[in-house]
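Subject: Handing over the model

Dear colleague,

Here is the structure that I promised to pass on to you. Please open it beside this message, and then read my notes on what was found in it.

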Amino acid sequence: MKTTSLRQQLTRAAMLTTFLAILLSAGALITYELSVYRSAAIADLRAQADLIARSTAAAVEFRDAKVARDNLALLRNQPRIRAAAVYGLDGALIASHTPSGGALLARVPPGVPTWGPRYSGSTLEMTQAIERDGEWLGLLYLKAEHEVWQRLAAFALIVLAVGAVSLTAAFYLFVHLQRRITAPLEKMTEVARDVIGSHNWSLRAPATDYKDVGVLVDAFNRMLSECETRTSELEHEMVTRQGVEQELRQADRQKDEFLATLAHELRNPLSPMTSAVALLQMPEASAQTRDKALVVLERQLRHIVRLVNDLLDASRVTTGKLSLDNETLNVGELLKTIIEGAQALATQQGLALSLQLPPVSLHVHGDAIRLTQVFSNLLSNACRYTLRGGRVDITLAERGPWVEVSIADTGIGVEPEMQERIFDLFEQADKTLQRGNAGLGVGLTLARQIILLHNGVLTMSSEGLNQGSCFTVRLPLLQKDGPESTASPAPVSTRLPALRPLHILIADDNVDLTESFAEILIANGHTVDVVHDGAAAVDTAREHVPDIALLDIGMPKLDGYEVARQLRAGMTTQGIHLVAITGWGQASDLEAAQAAGFDHHLLKPVDPQDLVRLIGESYEEFQASRPGELR
């Protein structure tokens, strides 16, 4: 198959486009000229007919043929007029005019209305009414040569001549222009062939004065430059990959350290909990010993719950799902409460705590629970990393538009290179074994994220090792114009409020959990059924319909969602108050529980007080209005 060059294709396309443009222009001009000429001929003939009709009106009225002929004879100066005649109302010919002496070529019968102008071959014919004072006296007939075709032919010749000249000029101009445009492209093609054959990436296409083509040439040369530097870039990429590999190894070491720290932090509370359980199992243990064992169990259990919650909060931080429940807070009162809670730890460490408050109350708009978490973490770290005999000073002050809380200690301090990394996830300034329970390294990360969500700033400063450290929190100052929240929640009794005995179903594959819940509920006077899989939960609920069903989500045979759906679908079981008890606490888990038909969603570990409060406060409300919003 024969191929054509780019230059030939461009020339062919340009000439074809130019020819079509000229052809369309010529057609439009000829059509316009024809229309204008025809309209002018008709207008001229009508004007002459009107003049003759007016001048011969009296002659027609009095049947004066001589005067009528004289009027028609005036048309002899119009060579295009081939025939003219005047007819009476009865159709009789009164006078006529034919320059060549020929026939009129038309007969007008009586009563025929006027017609025309109309074209017939090379002639144009029309009739004109002859009137006086609105009275119709006769009819004027005119016939003229229009010469439209001769004029059209002449105009077409002119257009063809102009088009030929235009095409010839366009051809020579474009050939000259495209040679200058395609020459750089041909040079670039030659360079490309040479590069492919020799792999010499230093070759370049010559530059051109044409801007658009120059862009293409420059792009081609830049591509060659990029290919020329590819080897060095690959070497650089290898170095980068080695760095990334080192970072991955570092991340892997951090993961191993975190897992080891997590195992250590979980084993530490488990050891005293095991001892406390052994004390409780001793028959000869005194009541005081049992009470101490219960205190140890409760304290260590809360420590484990705090570790788990820190991990969950770290997950929420990394996924951007940490949310706030803001209200107006008195920062001074909040700090007093936190220091009261930390006093026992400070006393145990042999530390002195001091709180300096301004003379006026300072308020912020924030989440009391989250800010308590931040300040408690900072204060706990200060106590943990300060040697016996040291001190921790907490200062609250107003700094312009900010409320500033600083927690300064005389502890071990932080090295300069560690002062920014200390806020990274799982980072710890002191990883020595002598430090004991140092935590998981997520507290400061959570603290900074929580303060950022409050539109605040958390910073730290230290002069170096053994020079102490100071953590400073700045929050936007709020001019108090609403109620503040400082009150602590009232203690919840483990006894249910006055309520009729209920029939409660507990379904969970954790035997220890179900038995402990059952003992608590039975102690409050309720009837409890215990099962350990989903299928048994459905069967038991259908056989003995309970008032409340406490369902785990991850159970054998049927999961908690399917159990809830089947109970809601049954006629006798659709009114059961369903409570999900699970370790899954993401927003999607809450939505899934609500979609399955649950009325409440409790996150493990469930405090028995929360369980008692839920049953005591919500069951009567549930009975009065069903269904309710998932809580």
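The notes below go from the whole chain to its cores, then to two helix pairs and two loop residues.

Please keep in mind that this is a predicted model, in which local features need pLDDT of at least 70 and side-chain atom pairs count only at pLDDT 80 or more, whereas totals for chains, interfaces and linings use all residues. Residues are numbered from 1 along each chain as its sequence is written, and side-chain values use heavy atoms, with hydrogens and water left out.

The secondary structure of the chain comes to 15 helices and 17 strands (DSSP runs numbered from the N terminus, with H or I over at least four residues for a helix and E over at least two for a strand). Of the 631 residues, 38% count as buried (under 20% relative accessible area, with exposed over 50% and partly exposed in between, for a 1.4 Å probe and protein chains only). Among contacts (heavy atoms within 4.5 Å) between residues at least 6 apart in sequence, 65% join residues at least 24 apart.

The largest nonpolar core (a set of buried Ala, Val, Leu, Ile, Met, Phe, Trp, Tyr and Cys residues joined through side-chain atoms within 4.5 Å) has 37 residues, and Leu-379 and Ile-394 are those with the most contacts inside it. At least two residues of this core come from each of several elements, including helix 8 (331-349), helix 9 (368-384), strand 9 (391-399) and strand 10 (402-409). Helix 9 gives the most, with eight residues. Leaving aside residues up to four places away in sequence, Leu-379 touches Ile-338, Ile-339, Ala-342, Leu-353, Val-392, Ile-394 and Ile-407. There is also a second, separate core of 23 residues, which includes Ile-52, Ala-59, Leu-72 and Ile-81.

Next come the helix pairs. Two packed helices are described by the angle between their axes and the distance between the axes. Helix 9 and helix 10 pack at an angle of about 140°, with their axes 9 Å apart (axes are lines fitted to C-alpha atoms, for helices over the stretch in contact, and angles run from 0 to 180 degrees between N-to-C directions). Helix 9 and helix 10 are therefore oblique to each other (under 35 degrees is roughly parallel, over 145 roughly antiparallel, 65 to 115 roughly perpendicular, and the rest oblique). The residues of helix 9 in this contact include Leu-371, Val-374 and Leu-378, and those of helix 10 include Leu-444, Ala-447 and Ile-450.

The axes of helix 12 (residues 534-543) and helix 13 (residues 560-569) come within 9 Å and cross at roughly 20°, so these two helices are roughly parallel to each other. Gly-534, Ala-537, Val-538, Ala-541 and Arg-542 of helix 12 make the contact with Val-563, Gln-566 and Leu-567 of helix 13.

Finally, two loop residues deserve a mention. Arg-63, in the loop between helix 2 (57-61) and helix 3 (65-73), has a positive phi of about 55° although it is not a glycine, and at 44% relative accessibility Arg-63 counts as partly exposed. Asn-455, in the loop between helix 10 and strand 11, likewise has a positive phi, near 60°, in a residue other than glycine, and at 58% relative accessibility Asn-455 counts as exposed.

With best wishes
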